[in-house]
Amino acid sequence: MGLVRDNILTMTGYIPGEQPLDTAVIKLNTNENPYPPSPRAMAAVAAVTPEQLRRYPSPDALTFRRAAAKIHGVSPDMIMTANGGDELLAMVFRACVTDGQPVAYLDPSYSLYPVLARMQGAAPVVLRYRISGATWDLPEEIFRVNARLLLIVNPNAPSGTLIDLETLSRIISSFSGLVLIDEAYVNFAPHSALPLVAKFPNLVLLRSMSKGYGLAGLRFGYAIAQPQILAELHKVRDSYPCDAISIAAATAALEDQAYAQGAWDRVNTERRKLTEELSALCFSVPESHANFILAGMPGGADARGIYEQLKQRNILVRYFALPQLTDKLRITVGTADQNRSLIVALKQMAGRPVEIPR
Ligand SMILES: Cc1ncc(COP(=O)(O)O)c(C=O)c1O
């Protein structure tokens, strides 16, 4: 008899993007915000007292939930916090599916979903995007799929494409199980599914502080949903999922909306520039509403080869050896300087003249 369950023995765990120790690397591979968190978040970390660390933290992060409720125009019992969006996903899988039960998700999307499905012994129902050049169309099956859980990343990772609210409403109305809309990148997008939460008791929104608020190192995420479903998710969480330091920092960062909005605006401006420049180099780029873009290779160029060559130049982007993605690279939008270095490197690799910025 094995020491662990058979499905754990036979599965491959999630493989995160590289996190090099060398800080000189231009890191455009794991969708971190290129800008630091709000100074108010850093001040909140510095103000944490020994007494706060001696005690257990608030089990339900009430200060954060109150702040989030105010910002999103909902009540605090419609917010639940977690140690990162990933932990929230694990909780949803734990609460909703067990052996052999169907879990539906779009593909390509977040590569953690199949791993969580395997962990629970669930049966994945893979809904494949119909991809043609830079166009990503939803598969028709999404309007009639039968499963206990349906996961939709919006804006999608790794394409950055965005589903409109009317289509989301149609999908949720036609689905009998729980729908999780993963809004890890929504701060860079023109709309959120927040207005749908009041309408659908089977909807949970996932939010992350990692991308929009520059706090990937902190590990903090939260759910927005109707209180009845959150009460069920509460039963499967850790005793104290968020620590005192992260609650303080995440609350301060969330409350500093003006600072966060400034970073989102700058990222979006850079994303537009990067998209134009990559398109001019003949990469095929779907319109992204996130803080990354997905670059389809020009003229059948080898995506893995370009990834390797960029790495040799100290620039990390993300290559996925996954169906429909082997001819593409996902590139996080960096600072203006980082993006310029990327474009200069790509031009040099293609033997194109490089303008030296003044
Ligand atoms: C689509 C998607 N959802 C959720 C997450 C989890 O975010 P975190 O656990 O950092 O809050 C990520 C992180 O990369 C992601 O890409």
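Helix 5 and helix 6 meet through a short list of residues. In this predicted model, Asp86, Leu89, Ala90, Phe93 and Arg94 come from helix 5. Their counterparts in helix 6 are Leu112, Leu116 and Gln120. By class, this contact has five nonpolar, one polar and two charged residues.

The geometry follows. Helix 5 covers residues 85-96 and helix 6 covers residues 112-120. Their axes come within 10 Å and cross at roughly 40°. Helix 5 and helix 6 are therefore oblique to each other. The crossing is right-handed.

A second helix pair is helix 11 with helix 13. Helix 13 spans residues 336-349. The axes of helix 11 and helix 13 come within 11 Å, and the crossing angle is roughly 10°. Helix 11 and helix 13 are therefore roughly parallel to each other. Why that label? Angles under 35 degrees count as roughly parallel, and the angle here is roughly 10°. From helix 11, the contact uses Glu270, Lys273, Leu274 and Glu277. Helix 13 supplies Ala336, Asn339 and Ile343. The classes are three nonpolar, one polar and three charged.

The two pairs are set out below.

| Helix pair | Axes come within | Crossing angle | Orientation |
|---|---|---|---|
| Helix 5 and helix 6 | 10 Å | roughly 40° | oblique |
| Helix 11 and helix 13 | 11 Å | roughly 10° | roughly parallel |

**Domains**

The chain is divided into two parts. Domain 1 takes residues 6-30 and 258-349, and domain 2 takes residues 39-256. Taken over C-alpha atoms, the centres of domain 1 and domain 2 are 23 Å apart. Domain 1 brings 28 residues to the contact and domain 2 brings 29 residues.

Which elements give two or more residues to the side of domain 1 that touches domain 2? They are helix 1 (6-10), helix 11 (257-280) and strand 11 (292-296). Helix 11 gives the most, with seven residues. That side of domain 1 divides into 18 nonpolar, nine polar and one charged residue. Helix 11 thus appears twice in this account: it contributes to the domain contact, and it packs with helix 13.

**Sheets**

Seven strands form an open sheet with mixed pairing. The strand order is 2-10-9-8-7-3-4. Strand 2 (79-82) and strand 4 (123-128) are at the edges, each with a single partner strand, so one side of each has no neighbour in the sheet. From one strand to the next, the twist averages 20°.

Inside this sheet, strand 7 and strand 8 are adjacent in the order. Strand 7 holds residues 149-153 and strand 8 holds residues 178-182. The two run parallel and are joined by five bridges. One residue pair can be named: Leu150 has Val179 of strand 8 as its bridge partner.

Another open sheet has three strands, in the order 11-14-13, with antiparallel pairing. Its edge strands are strand 11 and strand 13 (318-319), and each pairs on one side only. Strand 11 is also one of the elements on the side of domain 1 that touches domain 2.

How do strand 13 and strand 14 pair, and over how many bridges? The pairing is antiparallel, over two bridges, with strand 14 running through residues 328-332. Across this pair, Tyr319 stands opposite Leu329 in strand 14.

Terms used: Residues numbered from 1 in each chain as written. Predicted model: local features only at pLDDT ≥ 70, side-chain atom pairs only at ≥ 80, totals over all residues. Domains from an automatic or database assignment. Contact = placed C-beta atoms within 7 Å. Helix = DSSP H or I, 4+ residues; strand = E, 2+ residues; numbered from the N terminus. Nonpolar A, V, L, I, M, F, W, Y, C, P; charged D, E, K, R; others polar. Axes fitted to C-alpha atoms, helices over the stretch in contact; angles between N-to-C directions. Parallel < 35°, antiparallel > 145°, perpendicular 65-115°, else oblique. Left-handed = near helix turned anticlockwise from the far one by under 90°. Pairing = 2+ DSSP bridges.
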